[in-house]
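Me: I would like to go through the aromatic rings of this model step by step, and I would be glad if each answer showed its reasoning.

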Amino acid sequence: MRVRPSSRCSYAALIVLFSSTLSAAQTRVVPPDNKYPVSEDVQLGRQAAAEARKQLPLMRDDLVSSYVETIGRRLVAAIPPELQHSEFHYTFEVVNVREINAFALPGGPMFVNRGMIEAAQTEGEVAGVMAHELSHVVLRHGTAQAGKATKYQVGQVAGAILGAVVGGGWGQVISQGTQFGLGAAFLRFSREYEQQADIQGAQIMARAGYDPQDMANMFRTIEKQGGSGGPQWLSDHPNPGNRYEYISKEAQLLRVSNPIRDTREFDQVKSHLRSLPPAPTTEQATKGRSTGRRTSNDPRTPTGRVQPPSSSYRTFDEGNLFRVSVPSNWEEIQASNSVTFAPDGAHGSYNGQSVFTHGMEFGVARNESHDVQTATDELVDSLSQGNPALRRQSGPSNVTFAGRRGLRTILSNRNDATGQDETITAYTTQLPNGNLLYAIGVAPNGEYSAYRGVFDRVAGSVQITDDRGLR
Ligand SMILES: [Zn+2]
């Protein structure tokens, strides 16, 4: 019987990550490979935290702040020595919004929602969520993840032609002001990392004198939360399956005698919060806090009436990822997953989704070791999920894209915002890390002849300048 290399690989990884050691009587958690230096966690986390502080309504309330700070310090003191990073700087802030959520950024900044404290039934439950978040930080999951995939984290390519479908999580709020969804990449974790944070968090809790069972209980409370789209916390921290069961099992291994659970301070904070006006939702609180830079939340519906592409070009430099030349009358619109270049009047929103009628969008789709043809087929499939009228027209043909061998595929579509039939040109190539770099040119059928050469020229101008994110 032949074992596929991939399944053998993940089996080995599983053993390494979750083998029990008899002496410790607890599950050993090994931080994932990380090609970023520790100083990068500190720097990137500091940037993202600055953005979060600008975008989110922080609670300036001494009683609540010092309470959360106290729990945080107790947990930090319980970080096992092998996971301590002296460069990290742990901070704990409370966000005045009602959703049950919390997040922590690389290098230490943690943000806890007021709604999470309100939903908790014991101090142990608050500590449970914080210990989970802290574990993402000490295991350096944010940068490990950012290095593993790409900075773009194109999870939902389905919306790519219509622009990125804007989700409701933290990543979106923070990525509005940062390059290419820095936030999203740091905050949305794989199931494997989630399980690591659960197990590591349980161990930190136990060392701090809390019962890890309280973490399992809190997650159960979170899962029961309804609301549109389900609890926000779960979209960033997906349940790896059997979460409650394996945390409970770990809690039994850890055996904490006389755990801290109900405290007087917890009761005081809870009754203080009840005396305050209720917290707004994240959406209410963050509306209109945009940083002025154009994002995919532009509320205007595109008219589709635009100036032709300028014959002069300008260079757009995306940090250390890539460089591209675009007609000088195309502006860039940053979304969390992609960047779109389009003329005025060609981009905006329709039915709550970002749309564009003329221009080009760039992004990276995750690709698990396929060839460029298969990966392109998958890209087209996912595009057609968000664009039911999408059809293949011709191709693929061979082109040079981003200085390497690529494919050009021509598709037809009907634009939802304008009702116009349009021609879509998709350029794809495989990056050294295996992922798929794509550029998607959109023009109405009647104007396609004027855009075809422009798309080729823009696609041909792309130079990969990145040293980390794409390799
Ligand atoms: Zn998590």
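Me: Over the ring of which residue does the charged end of Arg-457 sit?
Reply: This is a predicted model, and that should be kept in mind for each answer that follows. The charged end of Arg-457 is placed 3.7 Å from the centre of a ring, within the 6 Å that is allowed for a charge sitting over a ring. The ring in question belongs to Tyr-313.

Me: How many aromatic pairs are there, and are Trp-330 and Tyr-451 stacked or edge-to-face?
Reply: When ring centres within 6.5 Å are taken as the rule, the count comes to seven aromatic pairs. For Trp-330 and Tyr-451 the centres are 6.4 Å apart and the planes are at 15°, and because planes under 30 degrees apart count as stacked, this pair is stacked.

Me: How many residues apart are Trp-330 and Tyr-451?
Reply: Trp-330 is found in the loop between strand E7 and strand E8, whereas Tyr-451 belongs to helix H16, and the pair therefore links distant parts of the chain. Their separation is 121 residues.

Me: Is Tyr-451 buried or exposed?
Reply: A residue counts as buried when its relative accessible area is under 20%. Trp-330 has a value of 1% and is buried, and with a relative accessible area of 2%, Tyr-451 is likewise buried.

Me: Which strand holds Tyr-427, the partner of Phe-401 in an aromatic pair?
Reply: Phe-401 and Tyr-427 form a tilted pair, with 6.0 Å from centre to centre and 45° between the planes. Phe-401 lies in strand E13, and the pair ties together parts that are 26 residues apart in sequence, because Tyr-427 lies in strand E15.

How values were computed
Residues numbered from 1 in each chain as written. Predicted model: local features only at pLDDT ≥ 70, side-chain atom pairs only at ≥ 80, totals over all residues. Heavy atoms only, no water. Phe/Tyr/Trp six-rings, centres within 6.5 Å; stacked < 30°, edge-to-face > 60°. Helix = DSSP H or I, 4+ residues; strand = E, 2+ residues; numbered from the N terminus. Buried < 20%, exposed > 50% of the residue type's maximum accessible area, 1.4 Å probe, protein only. Lys NZ or Arg CZ within 6 Å of the ring centre and 35° of its normal.
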